[in-house]
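Student: I am new to this structure. Please take me through it, and let me ask how each label is justified.

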Amino acid sequence: MMRELPEWYYDEFIQVGTDYTDKEEILHYDQKMQKIRNIGSEAETMLRLIGLQQEDRVLEIGCGTGEFSIELSRHCKQVVALDVSEGMLEFAREKAKSKNRNNIHFTKGSFLTLEPDDGPFDAVVTQLALHHLPDFWKLIALQHVGSMLRTGGRFFLKDVVFSSEIHDFDPFISKLLQSIPEQVKDEMTREYILHIKEEFSTFDWVIEGLIKKAGFRIEEAFYENGFLATYLCIK
Ligand SMILES: C[S@@+](CC[C@H](N)C(=O)[O-])C[C@H]1O[C@@H](n2cnc3c(N)ncnc32)[C@H](O)[C@@H]1O
């Protein structure tokens, strides 16, 4: 699932921001996500948007600890789940095994190393991962995603994306940091700061433009709280 890349390609395997190769970080990430997210409802939205069929093959990029691949695998024929972190993949494999899911292939891979020969897929999903790439590489990544899908295939993208309606980011970010719940305040504040400073989340109009330039039609777009976006795109 990984193709050889020219020397000038961006190296996605160097961790940017939070280090998702660290074992403790991975366990902690998994526990924290169960606490602060409603995984069941997020998975339901994803499934509804991509309209998954029992015969479908799905590709997940940046699968993390495997929650969504496991959910998807209950509703389709096969899930191929990629991550740049071997640690994440190992954790996800164990979780899938403990839930008796045997139609998920967890393997090392990334946006830029996608191998079109492994496709075509009926749907590609990715959550909270594309922002690890700078904008130039986001377009290349989205083109690669397109090459993995059949015509008419669905692409679900959810990520931290900033709203261009916000005119002054200083008060916006201060308020965002203040709004973090008390029980996770220290840790989430550190993470948010790391994200804003070192990761590559961009603006809604940039992402929309990139998605379209990469050959997709945006079927649905949802924005939350000025910093989260969900897109259903069709090839
Ligand atoms: C914030 S976690 C999100 C995990 C999962 N998608 C979720 O929603 O809980 C980001 C994941 O993307 C992976 N990742 C980062 N850059 C990537 C890339 N270029 N290609 C594939 N996976 C990547 C990280 O290793 C990590 O597991």
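Student: Which residues are closest to the ligand, and how many surround it?
Tutor: This is a predicted model. In it, 20 residues surround the ligand. The closest are E12, Y29, R37, G62 and D83.

Student: How is that shell divided into nonpolar, polar and charged residues?
Tutor: It holds 10 nonpolar, 7 polar and 3 charged residues.

Student: What makes the pair between Y29 and the ligand a polar contact?
Tutor: The cut-off is 3.5 Å between N or O atoms. A polar side-chain atom of Y29 lies 2.9 Å from an oxygen atom of the ligand. That is within the cut-off, so the pair counts. D83 also places a polar side-chain atom 2.6 Å from an oxygen atom of the ligand. With Q127 a polar backbone atom takes part, 3.0 Å from a nitrogen atom of the ligand.

Student: How much of the ligand does the protein bury?
Tutor: Taken alone, the ligand exposes 590 Å². The protein buries 96% of that.

Student: Why is K138 called buried?
Tutor: Buried means under 20% relative accessible area. K138 has 1%, so K138 is buried. This residue sits in helix α5.

Student: Which residues is K138 in contact with, leaving aside neighbours within four places in sequence?
Tutor: They are L130, H131, L133, F200, T202, I207 and L210.

Student: Why is K23 called exposed?
Tutor: Exposed means over 50%. K23 has a relative accessible area of 61%, so the label fits. K23 lies in helix α1, residues 23-36. Its C-alpha atom is 9.9 Å from that of E90, and the two residues are 67 apart along the chain.

Student: Which residues of helix α8 are buried?
Tutor: In α8, residues 204-213, they are D204, V206, I207, L210 and I211.

Student: How do you know that they lie on the same side of α8?
Tutor: They cover an arc of only 165° around the axis, so they share a side of α8. On the other side, W205, K212 and K213 are exposed.

Student: What covers the buried residues of α8?
Tutor: The cover includes α5, β5 (149-160), β6 and β7.

Student: What follows α8?
Tutor: G215 does, with a positive phi near 100°.

Student: What makes the phi of L128 worth a remark?
Tutor: Most residues other than glycine have a negative phi. L128 is not a glycine, yet its phi is positive, about 55°. Its place is in the loop between β4 and α5 (135-148).

Student: Why is L128 called partly exposed?
Tutor: Its relative accessibility is 28%. Partly exposed is the range between buried, under 20%, and exposed, over 50%. So 28% puts L128 in that range.

Student: What is the phi of N225 near, and where does N225 lie?
Tutor: Phi of N225 is near 55°, a positive value in a residue other than glycine. N225 lies in the loop between β6 (217-224) and β7 (228-234).

Student: Why is N225 called exposed?
Tutor: Its relative accessible area is 59%. The limit is over 50%, so N225 counts as exposed.

Student: What kind of peptide bond joins G119 and P120?
Tutor: A cis bond, with omega about -5°. Most peptide bonds are trans. P120 lies in the loop between β3 (104-108) and β4 (121-127).

Terms used:
Residues are numbered from 1 along each chain as its sequence is written. This is a predicted model: local features need pLDDT of at least 70, side-chain atom pairs count only at pLDDT 80 or more; totals for chains, interfaces and linings use all residues. Side-chain values use heavy atoms; hydrogens and water are left out. A residue is near a molecule or strand if one of its heavy atoms lies within 4 Å of it. A polar contact is a pair of N or O atoms within 3.5 Å; within protein, one must be able to donate a hydrogen and the other to accept it, and residues adjacent in sequence count only if both atoms are side-chain atoms. Accessible areas come from the Shrake-Rupley method with a 1.4 Å probe; for residues, only the protein chains shown count as cover. Ala, Val, Leu, Ile, Met, Phe, Trp, Tyr, Cys and Pro count as nonpolar, Asp, Glu, Lys and Arg as charged, and the others, Gly among them, as polar. Helices (H or I, at least four residues) and strands (E, at least two) are DSSP runs, numbered from the N terminus. Buried means under 20% relative accessible area, exposed over 50%, partly exposed in between (1.4 Å probe, protein chains only). The arc is that of the directions from the helix axis to the C-beta atoms. Contact means heavy atoms within 4.5 Å.
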